[in-house]
Amino acid sequence: MISKAKIRYIRSLELKKHRMAEQLFVAEGPKVVEELLRVLPPKLLLATDSWTPIKTAFDADEVISVTNEELCKVSFLRTPQQVLGVFPMFNTGKVSISENITSELSLALDGVQDPGNLGTIIRIADWFGIRHIFCSPDTADVYNPKVVQATMGSLARVNVVYMGLETLLNELPQKFPVYGTLLDGESIYCQELSAVGIIVMGNEGNGISAPIRQKITRRLLVPNFPEDKPSAESLNVAVATAVVCAEFRRQQL
């Protein structure tokens with residue numbers, strides 16, 4: 001049985017101001033919750049009898065058995081999925097530029113505002129072995145329930161850092177490759193791509209902002225096909241990220 005006060009408390013975490021005040025976020029469904037359970041203990045778990053927990057031991061401050069009807073009252077999903085967890089925020093927001101960024105491939109997101117896109121990009125980064133994503137302050141909140149859900153658990157393995165991208169790029173070594181997807185770029189399939197660097201992906205409507213665009217040293221274009229015929233105006237930013245990351249990794253092979 002879950003109290004009305006507990007329901008109101010969990011529902012309040014849909015808003016960023018409450019998440020930040022409590023330093024907590026909500027994850028739902030066996031896949032997402034179980035991936036997070038592998039890396040940190042939850043503050044609270046709500047579970048129906050149909051949920052079979054993973055074998056990995058976990059310590060929750062509180063576990064409440066609920067009915068499907070009760071889970072519906074607290075869930076942010078149209079169709080609740082057996083289990084809901086309230087977890088402490090765990091991304092540190094810190095990363096060593098010299099030790100980490102300059103020895104691997106990373107992503108930077110400049111004003112990506114759609115929660116679904118951000119969550120999908122985190123999942124894409126996880127798939128392609130990209131450990132760090134740097135987000136401008138106006139990028140969607142990584143702990144938004146829609147973002148968490150779209151990551152499908154990849155949030156547990158990808159470090160998401162919010163900071164001014166100009167500051168980040170200014171701290172990089174002078175000749176460190178800074179890639180960016182731009183309409184005036186050169187086809188990604190005609191360029192030699194490095195195993196290390198940072199890839200900047202821009203806002204859904206406006207692309208990469210002017211100040212960050214000036215920092216791009218390698219301009220990339222994902223060309224339509226065939227180029228001389230009408231096509232969609234642009235690619236969704238998450239789709240474009242997948243295409244770009246796939247080509248980087250293909251060239252490494």
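Which backbone oxygen lies 3.3 Å from a polar atom of the side chain of arginine 19? In this predicted model, the backbone oxygen in question belongs to tyrosine 143. Arginine 19 is placed in helix H2, which spans residues 16-22, and the residue counts as buried because its relative accessible area, 2%, falls under the 20% cut-off. Arginine 19 also forms a salt bridge with aspartate 141, in which the closest N and O atoms are 2.6 Å apart. Beyond its neighbours within four places in sequence, the residues in contact with arginine 19 include Phe25, Met89, Asp141, Tyr143, Asn144 and Pro145.

The domain assignment divides the protein into domain 1 (4-88) and domain 2 (99-251), the centres of which, taken over C-alpha atoms, are separated by 30 Å. Between them the two domains bury about 1,100 Å², with 65% of this area on carbon and sulfur atoms. Arg19, Phe25 and Val32 supply 37% of the area that domain 1 buries against domain 2, more than any other three residues. In terms of contacts, 15 residues of domain 1 meet eleven residues of domain 2, and the polar component comprises two salt bridges and four residue pairs in polar contact. On the side of domain 1 that touches domain 2, H2, strand S1 (24-28) and helix H3 (30-37) each supply at least two residues, and this side has, by class, eight nonpolar, one polar and six charged residues.

Isoleucine 199, in strand S9 (residues 197-202), is likewise buried, with a relative accessible area of 0%. Leaving aside neighbours within four places in sequence, isoleucine 199 is in contact with Leu105, Ser106, Leu107, Ala108, Tyr179, Val244 and Phe248.

Note on methods
Residues are numbered from 1 along each chain as its sequence is written. This is a predicted model: local features need pLDDT of at least 70, side-chain atom pairs count only at pLDDT 80 or more; totals for chains, interfaces and linings use all residues. Side-chain values use heavy atoms; hydrogens and water are left out. Helices (H or I, at least four residues) and strands (E, at least two) are DSSP runs, numbered from the N terminus. Buried means under 20% relative accessible area, exposed over 50%, partly exposed in between (1.4 Å probe, protein chains only). A polar contact is a pair of N or O atoms within 3.5 Å; within protein, one must be able to donate a hydrogen and the other to accept it, and residues adjacent in sequence count only if both atoms are side-chain atoms. Contact means heavy atoms within 4.5 Å. Domain bounds come from an automatic or database domain assignment. Buried area is the accessible area (1.4 Å probe) that two parts lose on being put together, summed over both. A salt bridge is a side-chain nitrogen of Lys or Arg within 4 Å of a carboxyl oxygen of Asp or Glu. Ala, Val, Leu, Ile, Met, Phe, Trp, Tyr, Cys and Pro count as nonpolar, Asp, Glu, Lys and Arg as charged, and the others, Gly among them, as polar.
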